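Got a few minutes to look around a protein model? Here is a short briefing to read with the picture open.

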Amino acid sequence: MILQAASLLKKHYGYDQFRPMQAEVIQCVMDKKDVVVLMPTGGGKSICFQIPSLLLPGLCVVVSPLISLMKDQVDALNSNDIPAAYLNSSLSSGEEENIITKCLKGQIKLLYISPERLVQEMNRLLTKLPIQLFAIDEAHCISSWGHDFRPEYTQLKFLKEHFPSIPVIALTATADKTTRRDIVKQLNLLNPEVFVASFNRPNLSLSVKSGIKPKERIKDIIEFIADRENEAGIIYCLSRATTEKLRDALKAKGIKAGCYHAGLPSEERNKTQDDFINDKLQVVCATVAFGMGIDKSNVRWVIHFNLPKNIEGYYQEIGRAGRDGLNSDTILYYNIADLIMLTKFAQEGNLAKINLEKLRRMQQFAEADMCRRKILLSYFGETPQENCGNCDVCENPRQHFDGTLLVQKALSALMRMEEKVGTTMLIDVLRGSSKGELIEHGYNKIKTYGAGADLSFAIWEQYILQMLNLGLIEIAYDEGFSLKITESGKEVLYSKRKADLVQPQIKIAEPIERKAKRGKYAEQSTGNDLFEALRKLRKQFADSEKLPAYIIFNDATLREMASEKPLTEEEMLTISGVGQHKFEKYGQAFLTIIHEMCYGISAKTPKVNTYEETLILYKQNSSPKDIALKRNLSVTTIYSHIAQLYLKGDISSIEHFVSIEEVDRVKTAVNAIGKIEKLKEVFDFLNAELDYSKIRMALACLEKNGEYNTGKN
Ligand code: ADP
Ligand code: ZN
């Protein structure tokens, strides 16, 4: 069964392997068990129910909360030759009729439906359809504990009553245990199998910049974007006003930026979202409302302009970057003003205690001096042993020092001002400012006035954040946000104990290695002509079919094409993300561009002497990989040259490339299949266990021995 699943994965999606957990989940669903799947965003949840729906005879009904997402998902499925449709309020009655008829006739494999519609139809339409599986996407929406509760989801608890024998698969990217238990309970799942994938997203870099004022953040962000031409990103802000201000600042620099928040009319929001998805906007400045409804796989970076409210939200938001698996960057800015604002919000709701605690964990993450990924993952219950090497702390290990004296300066100033001032005044006093208000209060007369003049405002702010995090001071939210010295603070002040501080990060330059890593992509995305040409072609298809570009091929697929430079259909089909259907639709056009750009010819046959060039290098004992590198061709191509050269007799033996056992396996495949049109048939027959180069070599051996005939020679 799993072999069949793997061949569907290759045929429809063009992927060679399942990601961790996908195969196990599929097996369980096929065994008719109820299943709960927890996987991070981008982990590949959809395939867990899409492949079973292809394997099963009838229909899979998918409950999804967002209308805009349904359309994209259905478009993506159709583009992979999987018949899918959706039912929601955006359709006309004619369109609906049409879809229902198709479902009844068994012409649809996946039917997406909104929760409220599902509830309406439970006694009507659904009882007539040949349903084999219910998939509940974004299942955390059912839990009032979760961060995205949707009342209409609670009705789904009747699903099991109505359809006790139809298995349910519930999927979410929310990891917290309460929500997880709640999903099982609310959906009345029967002894479900629960799969929890690792929440690690190693392709996302993590960095935090603390103590930076909004104005400087904007400057910083503009520089950051200047380095990332054409790379899409999202900037999350706390307030609507900030999103607009930021958008204006970016636009003034010629950056294509839009803004998105709940206060804008829905047409405007939809337009921004569509323009972003279709690469017409590079940047969206948004409140947290943005992103739920998008499935754009090539978001290359996410910035938090302010501290997020909790780690769950933060992780979900940064998770919108890099869904295609390519390296992507995330930055979080914050300062004390953010902290004050968020604490105020958290205190207001009726879940104040929980929310404050969650905010505290967020703050600890932001102030951490150890690998940030370790902290994040431990929050989700995982315990990685190694430092990640892809966060600002790993790349720039923090240096501790005895900060007792510094802390004493600050605390003694606070004490002398009777703990009545906030951060700004405290820093102004320490730095010996002559601001009017300071003088009016006579703070210029206290002993520690100017005692910290050697340090900048930003550095002092970072120290104060550390002191807050160490519990040496606290903010009195009910007394005008003045700073109070805690008991442990007093111990430091009176030299009863020391305070360990961390050297502040001034301006964190992008680490050279990361720049180099990214440079590779930047070069591929901007400098590389082939990539650009492929991208243009993709855009043409996207425009003419009115689809987002990434549904045609995602960035990872285009990049692989640009680096592998496939020349033939077989080679093109080895590119991850090129399935049979997409090849038939777009493959030839992309191959033509590659031929033209790489070989300066517009037709199908490669230059005659291309074989000779390979032969010369081969005779110099270069490996196929080296030859590929030297010739700037793909390794697969070189293997096909070697096979031809072997058949022509220019190369005497290729046995070192393929074992007798492997040749035997290919022989079995050839005997079973009969006439072979494409290498892929053999590849699939062997369950993708032999790569194309081996298959090609084996076929050449068989042909040479007269055991196989391509009919070409
Ligand atoms: P999620 O719903 O968990 O956020 P998706 O199902 O949208 O994630 O998958 C994220 C991306 O990963 C999609 O572009 C998808 O096509 C791709 N993907 C999923 N499974 C695989 C796989 N086995 N190999 C390669 N890419 C995959
Ligand atoms: Zn790290």
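What follows is a quick tour, topic by topic. Keep in mind that this is a predicted model. We'll start with an open sheet of 7 strands, move on to a buried strand and a buried helix, and then visit a zinc site and two single residues.

**The open sheet**

- Reading across the sheet, the strands come in the order S3-S4-S2-S5-S6-S1-S7, and their pairing is parallel.
- Which strands sit at the edges? They are S3 (84-87) and S7 (193-196), each of which pairs on one side only.
- Neighbouring strands here don't line up perfectly: on average they are turned by 20° against each other, ignoring direction.
- Helix H5 (residues 93-104) packs on this sheet, where it touches S3 and strand S4 (110-113). The direction of H5 makes about 130° with that of S3.
- For one pairing in detail, look at S2 (residues 59-63) and S5 (residues 131-136), which run parallel and are joined by 5 bridges. Within that pair, Leu59 stands opposite Ile131 in S5.

**A strand tucked inside: S9**

- Strand S9 (232-236) is largely enclosed by the rest of the structure, because 5 of its 5 residues are buried.
- In a regular strand, side chains alternate between the two faces of the sheet.
- You can see two sides in S9: Ala232, Ile234 and Tyr236 point one way, while Gly233 and Ile235 point the other way.
- S9 pairs with S12 in the parallel sense over 5 bridges, and with strand S11 (residues 283-286) in the parallel sense over 4 bridges.
- Find Tyr236 and you'll see both pairings: Tyr236 stands opposite His304 in S12, and its bridge partner in S11 is Ala286.

**A covered helix: H14**

- How many residues of helix H14 (residues 311-318) are buried? The count is 8 of 8, so the helix is mostly covered.
- Among the buried residues of H14 are Glu312, Gln316 and Glu317, along with Tyr314 and Tyr315.
- The cover over H14 includes strands S8 (204-210), S9 (232-236), S12 (299-304) and S13 (328-334), plus helices H16 (352-366) and H17 (372-379).

**The zinc site**

- What holds the zinc ion (ligand 2)? Cys371, Cys388, Cys391 and Cys394 coordinate the zinc ion through their SG atoms, at 2.4 Å.
- Why is the arrangement called tetrahedral? The 4 donor atoms subtend angles of 101 to 121° around the zinc ion (ligand 2), which makes it so.
- For comparison, the ideal angle for four tetrahedral donors is 109.5 degrees.
- Along the sequence, the donor residues follow the spacing C-x16-C-x2-C-x2-C.
- Cys388 counts as partly exposed at 26% relative accessibility, and Cys394 is partly exposed at 22%.

**Arg398**

- Arg398 lies in the loop between helix H18 (392-395) and strand S14 (400-402).
- Buried or exposed? At 13% relative accessibility, Arg398 counts as buried.
- The side chain of Arg398 makes a polar contact of 2.9 Å with the side chain of Asp392, and also reaches the backbone oxygen of Asn396 at 2.9 Å.
- Leaving out residues up to four places away in sequence, Arg398 touches several others, including Asp369, Arg372, Val502 and Gln505.

**Met21**

- Met21 is in the loop between helix H1 (2-13) and helix H2 (22-30), and is partly exposed, with a relative accessible area of 22%.
- Met21 and Phe195 are 174 residues apart in sequence, yet 7.5 Å apart in space, C-alpha to C-alpha.
- Leaving aside neighbours within four places in sequence, Met21 is in contact with Met39, Phe195, Val196 and Ala197.

Key:
Residues are numbered from 1 along each chain as its sequence is written. Chains are lettered from A and ligands numbered from 1 in the order in which they are written. This is a predicted model: local features need pLDDT of at least 70, side-chain atom pairs count only at pLDDT 80 or more; totals for chains, interfaces and linings use all residues. Side-chain values use heavy atoms; hydrogens and water are left out. Two strands pair if DSSP finds at least two bridges between them. Axes are lines fitted to C-alpha atoms, for helices over the stretch in contact, and angles run from 0 to 180 degrees between N-to-C directions. Contact means heavy atoms within 4.5 Å. Buried means under 20% relative accessible area, exposed over 50%, partly exposed in between (1.4 Å probe, protein chains only). Donors are N, O and S atoms within 2.8 Å of the metal (3.2 Å for Na, K and Ca); water is not among the atoms, so sites may look incomplete. Four donors count as tetrahedral if all angles lie between 85 and 135 degrees; four count as square planar and six as octahedral if opposite donors are over 155 degrees apart and all others between 65 and 115; anything else is irregular. A polar contact is a pair of N or O atoms within 3.5 Å; within protein, one must be able to donate a hydrogen and the other to accept it, and residues adjacent in sequence count only if both atoms are side-chain atoms.
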